[in-house]
Amino acid sequence: MKITIDRIENDVIAIELPDGKMIDIPCHLFPDAAEGDVYSIEKDSAAGDSRRCRVEDKMRRLFKD
């Protein structure tokens, strides 16, 4: 998904989504953003799977029978 930085006001960035919708997010999420910048956001399935495995392992150790 590609998003476009529409404008920056105070500590808020207005982002345009691919479908034309606008959302506001805190500036700290994109600290070097400038108006007109385009970002590509993608899902990292491998990182998500790894994180889920670590959490499941912690839960098993925490709740041993």
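# A tour from the E1–E2 turn

Begin by selecting Asn-10, which sits in the loop between E1 and E2; strands here (E, at least two residues) and helices (H or I, at least four) are DSSP runs numbered from the N terminus. The model is a predicted one, in which local features require pLDDT of at least 70 and side-chain atom pairs are counted only at pLDDT 80 or more, whereas totals for chains, interfaces and linings use all residues. Residues are numbered from 1 along each chain as its sequence is written, and side-chain values rest on heavy atoms, with hydrogens and water left out.

**The first turn.** Asn-10 has a phi near 55 degrees, a positive value in a residue other than glycine. Most residues other than glycine have a negative phi. With a relative accessible area of 76%, Asn-10 counts as exposed, a class that starts over 50%, with buried meaning under 20% and partly exposed covering the range in between (1.4 Å probe, protein chains only). The turn that holds Asn-10 belongs to a hairpin in which two residues separate E1 from E2.

**The whole chain.** Zoom out and colour by secondary structure: there are four strands and one helix, arranged along the sequence as β-β-β-β-α. The C-alpha trace spans about 55 × 25 × 20 Å along its principal axes. The radius of gyration, taken over C-alpha atoms, is 18 Å, where a compact globule of 65 residues would have a value near 11 Å (the globule rule being 2.2 Å times the number of residues to the power 0.38). Of the 65 residues in the chain, 15% are buried.

**The sheet.** Show the strands alone, and an open sheet of four appears in the order E3-E2-E1-E4, with antiparallel pairing; two strands are taken to pair if DSSP finds at least two bridges between them. Because E3 and E4 (38-40) stand at the edges with a single partner strand each, one side of each has no neighbour in the sheet. From one strand to the next the twist averages 35 degrees, the axes being lines fitted to C-alpha atoms (for helices over the stretch in contact) and the angles running from 0 to 180 degrees between N-to-C directions.

Now step through the pairings:

- E1 and E2 are antiparallel and joined by five bridges, and Arg-7 can be found opposite Ala-14 in E2.
- E2 and E3 (residues 22-26) are also antiparallel, joined by five bridges; Glu-16 faces Met-22 in E3, and Val-12 stands opposite Pro-26 in E3.
- E1 and E4 pair in the antiparallel sense over three bridges.

Between E2 and E3, select the second hairpin turn, where five residues separate the strands and Gly-20 has a positive phi of about 90 degrees.

**Thr-4.** Which residue of E4 stands opposite Thr-4? Select Thr-4, which is located in strand E1 (residues 2-9), and look across to Val-38 in E4. Thr-4 is partly exposed, its relative accessible area being 28%. Leaving out residues up to four places away in sequence, Thr-4 touches Ala-14, Ile-15, Glu-16, Gly-36, Asp-37 and Val-38, where a contact means heavy atoms within 4.5 Å. For a distance to display, take Thr-4 and Leu-17, whose C-alpha atoms lie 6.8 Å apart although the two residues are 13 apart in sequence.

**The nonpolar core.** Next, show the side chains of Ile-3, Ile-5, Ile-13, Ile-15, Ile-25, Cys-27, Phe-30 and Ala-33, the eight residues of the largest nonpolar core; such a core is a set of buried Ala, Val, Leu, Ile, Met, Phe, Trp, Tyr and Cys residues joined through side-chain atoms within 4.5 Å. At least two residues of this core come from E1, and at least two from E2 (12-16). In soluble globular proteins, nonpolar side chains tend to be buried together. Centre the view on Ile-13, whose contacts beyond four places in sequence are Ile-5, Arg-7, Ile-8, Ile-23, Asp-24, Ile-25, Pro-26, Cys-27, Phe-30 and Ala-33.

**The aromatic pair.** Finally, stay with Phe-30, which is buried at 17% relative accessible area, and add Tyr-39, which at 24% counts as partly exposed. A search of the whole structure finds one aromatic pair, and Phe-30 and Tyr-39 form it in an edge-to-face arrangement, with 4.5 Å between centres and 65 degrees between the planes. Rings of Phe, Tyr and Trp (its six-membered ring) are paired if their centres lie within 6.5 Å, and planes under 30 degrees apart count as stacked, over 60 as edge-to-face and the rest as tilted.
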